[in-house]
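Please walk me through this structure, from its strand pairing to its buried core and its aromatic contacts. Give the cut-offs behind each term as it comes up.

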Amino acid sequence: MYDVLIIGGGVSGVSCALVLGSAVNKPYASGKKIGIFTHQKTSNLQEALFNNAYGIAPGTTGADLLISSLSQLSALYPHVRQLPNEKVTAVSGQFPEFTVITNKSSYKTKSVVVAIGWVNTFAIDGLMDFVEPHKKAIPEKNRIQLKNVDHKVSEGLFVTGTLAGWRSQLAIAAGSGAAVATDILTEWNDGNQSQSHDSIRK
């Protein structure tokens, strides 16, 4: 049983995983089982070039960022299990026991974070009732989002990035993933507002 499974290895999903992973030494996060499905073939990052993203060297490509961010996650927080080459096809159940089904296996988890794109080919059984037109996209593009309030679709079910209704911008997606991570950390900490920061202070 996972404590949280993140569906999507793009900006918002990996951002969420990094923040959750960094809290490993917090008493309320100790022993939490975290996983992320890193299937990325449809990620918009594959064709992206970044010259205007805070903290990222100009000329960095999205394809390189996909590789480096997962390497960072693996190196710093190896307890976060990366699940590559699996496509999620269905999510069933409710908090505190969801079942996430992929093309290869099935997993039990207390919470789910959906961090994939806003294209109208979205097709995860069990989540289709939450689909609605994207409120900030050009109508002609037929973008979609999942119904949510401040990233929360239902108890234990979260959505990030463009699928949460945000615009497609790297900094926005990263912040969205981090916001969900801190909400989850707060839940793990019995509702006490929580976040995870690193510091150069000894």
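**Strands, core and rings**

S7 and S8 pair in the antiparallel sense over 4 bridges; two strands count as paired if DSSP finds at least two bridges between them. Strands (E, at least two residues) and helices (H or I, at least four) are DSSP runs, numbered from the N terminus. The model is predicted, so local features need pLDDT of at least 70 and side-chain atom pairs count only at pLDDT 80 or more, while totals for chains, interfaces and linings use all residues. Residues are numbered from 1 along each chain as its sequence is written, and side-chain values use heavy atoms, with hydrogens and water left out.

Within the S7 and S8 pairing, Phe 98 stands opposite Thr 109 in S8. The connection from S7 to S8 is a hairpin through 3 residues. On the other side of the sequence, strand S6 (residues 88-94) is joined to strand S7 (residues 97-102) by 6 bridges, and these two strands run antiparallel. S6 and S7 also form a hairpin, with 2 residues between them. Gln 94 stands opposite Glu 97 in S7.

Next comes helix H1. Helix H1 covers residues 11-22, and its 12 residues reach 16 Å from first C-alpha to last, close to the 16 Å expected at 1.5 Å a residue; the expected span is 1.5 Å times one less than the number of residues. H1 is mostly covered, with 12 of its 12 residues buried. Buried means under 20% relative accessible area, exposed over 50%, and partly exposed in between (1.4 Å probe, protein chains only). The buried residues of H1 include Cys 16, Ala 17, Leu 18 and Leu 20. They pack against strands S1 (2-7), S2 (34-37), S5 (80-83) and S8 (106-114), and against helices H2 (62-76) and H3 (170-188).

In soluble globular proteins, nonpolar side chains tend to be buried together. A nonpolar core here is a set of buried Ala, Val, Leu, Ile, Met, Phe, Trp, Tyr and Cys residues joined through side-chain atoms within 4.5 Å. The largest one has 25 residues, of which Ile 6, Leu 20, Leu 73, Val 113, Ile 184 and Trp 188 touch the most other members. S1, H1, S2, H2 and H3 each supply at least two residues of this core, and the largest share, 6 residues, comes from H1. Apart from this core lies another, of 22 residues, among them Ile 7, Phe 37, Val 100 and Ile 144. Leaving aside neighbours within four places in sequence, Leu 73 is in contact (heavy atoms within 4.5 Å) with Ala 17, Leu 18, Ile 36, Pro 78, Val 80 and Gln 82.

How many aromatic pairs does a search of the whole structure find? There are 2. Rings of Phe, Tyr and Trp (its six-membered ring) pair if their centres lie within 6.5 Å; planes under 30 degrees apart count as stacked, over 60 as edge-to-face and the rest as tilted. Tyr 2 and Tyr 107 form an edge-to-face pair, 6.2 Å centre to centre with 65° between the planes. Tyr 2 lies in strand S1 and Tyr 107 in strand S8, so this pair ties together parts 105 residues apart in sequence. Phe 37 and Tyr 107 are also edge-to-face, at 5.4 Å centre to centre and 75° between the planes. Because Phe 37 lies in strand S2 and Tyr 107 in strand S8, that pair ties together parts 70 residues apart in sequence. Tyr 2, Phe 37 and Tyr 107 form one aromatic cluster.
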